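Work through the following exercises with the sequence and the 3D view open beside you. Try each task on your own before you read its solution.

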Amino acid sequence: MPKSSKLVAAKRGKVLLVRRRSDGLWMFPGGRRRARETGKDCLKREIKEELPKLKLGRLSLWKEVTARNKRSGRRMSDAIFIAKNAKGRLAIGDKKEIDRAAWQKPRGLRLTPTSRYIRDRLFPGKQRRRR
């Protein structure tokens with residue numbers, strides 16, 4: 001079973017992202033599972049902690065990722081959920097962990113490795129060639 005859960009919410013060509021205070025990287029909201037917690041329950045709890053004013057519509061599991069990220073080498077163990085509808089004010093609940101939340105275009109930002117993986121599969125677009 002995946003160790004963490006992530007939320008993907010999109011609206012008008014933008015996705016919901018939060019910025020980590022520790023390193024300034026953007027990521028899809030979510031966090032680590034607790035003992036005896038389902039992936040969906042984990043996500044609901046994490047969203048309540050991180051973005052308490054955000055209201056989510058129906059959540060559906062897109063994919064469980066248990067692999068090594070080819071780009072970063074980091075091991076991923078995530079349940080990725082897609083929200084049918086997400087609305088509300090993006091007020092930060094956990095200010096120690098994240099310092100900003102915004103609806104952003106999914107490209108042109110410094111993303112965490114897992115968030116890049118999710119973005120590249122759900123929102124394929126022009127890929128920059130690595131030299």
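**Exercise 1. Classify the exposure of Glu49 and place this residue among its charged partners.**

Solution. Keep in mind throughout that this is a predicted model. The relative accessible area of Glu49 is 32%. Since buried means under 20% and exposed means over 50%, Glu49 is partly exposed. Next, look for a partner of opposite charge: Arg45 forms a salt bridge with Glu49, and the closest N and O atoms lie 3.2 Å apart. The two residues are four places apart in helix α1, which means that about one helical turn separates Arg45 from Glu49. Arg45 itself has a relative accessible area of 14% and is therefore buried. Finally, widen the view: through salt bridges with shared partners, Arg34, Glu37, Arg45, Glu46 and Glu49 are joined into one network.

**Exercise 2. Find how many salt bridges the whole structure holds, and describe the ones formed by Asp99 and Asp23.**

Solution. The search of the whole structure gives eight salt bridges. One of them pairs Asp99 with Arg19, with 2.9 Å between the closest N and O atoms. To see what this pair connects, locate both ends: Asp99 sits in strand β10 and Arg19 in strand β3, 80 residues apart, and the pair thus links distant parts of the chain. Both ends are partly exposed, Asp99 with a relative accessible area of 29% and Arg19 with 25%. Now turn to Asp23, which forms a salt bridge with Arg20, the closest N and O atoms being 2.4 Å apart. Here Asp23 is partly exposed at 30% relative accessible area, and Arg20 is partly exposed at 25%.

**Exercise 3. Describe the secondary structure of the chain and the confidence of the prediction.**

Solution. Begin by counting the elements, which come to two helices and 10 strands. Then read them in sequence order, where the pattern is β-β-β-β-β-α-β-β-β-β-β-α. For the confidence, take the mean pLDDT of the chain, which is 87, and note that 94% of the residues reach 70 or more. Going element by element, strand β7 (residues 59-68) has the lowest mean pLDDT, 85, while strand β4 (residues 26-27) has the highest, 95.

**Exercise 4. Identify the residues with the most contacts inside the largest nonpolar core, and list what surrounds Leu51.**

Solution. The largest nonpolar core has 18 residues, and those with the most contacts inside it are Leu7, Leu16, Leu51 and Leu54. Several elements each supply at least two residues of this core, namely β3 (14-20), α1 (39-50), β8 (75-83) and β10 (98-104). For Leu51, leave aside the neighbours within four places in sequence; the contacts then include Leu16, Val18, Pro29, Ala91, Ile92 and Ile98. There is also a second, separate core of 12 residues, among them Val8, Phe28, Ala102 and Ile118. As a general background to such cores, nonpolar side chains in soluble globular proteins tend to be buried together.

**Exercise 5. Decide whether the radius of gyration of the chain agrees or disagrees with that of a compact globule.**

Solution. For 131 residues, a compact globule would have a radius of gyration near 14 Å, and because the chain has 14 Å, the two agree. Then add the extent of the C-alpha trace, which spans about 40 × 30 × 30 Å along its principal axes. Of the 131 residues, 43% count as buried. Lastly, consider contacts between residues at least 6 apart in sequence: 65% of these join residues at least 24 apart.

**Exercise 6. Locate the loop residues Arg21 and Leu109, and name residues that each one contacts.**

Solution. Arg21 lies in the loop between β3 and β4 and is partly exposed, with a relative accessible area of 44%. Not counting residues up to four places away in sequence, Arg21 touches Lys95, Lys96, Glu97, Ile98 and Asp99. Leu109 belongs to the loop between β10 and α2 (113-122), and at 24% relative accessibility Leu109 counts as partly exposed. With neighbours within four places in sequence again left aside, Leu109 is in contact with Leu17, Trp26 and Gln104.

Technical notes:
Residues numbered from 1 in each chain as written. Heavy atoms only, no water. Core = buried A, V, L, I, M, F, W, Y, C linked by side-chain atoms within 4.5 Å. Buried < 20%, exposed > 50% of the residue type's maximum accessible area, 1.4 Å probe, protein only. Contact = heavy atoms within 4.5 Å. pLDDT = per-residue confidence, 0-100. Salt bridge = Lys/Arg side-chain N within 4 Å of Asp/Glu carboxyl O. Rg over C-alpha atoms; globule rule 2.2 N^0.38 Å.
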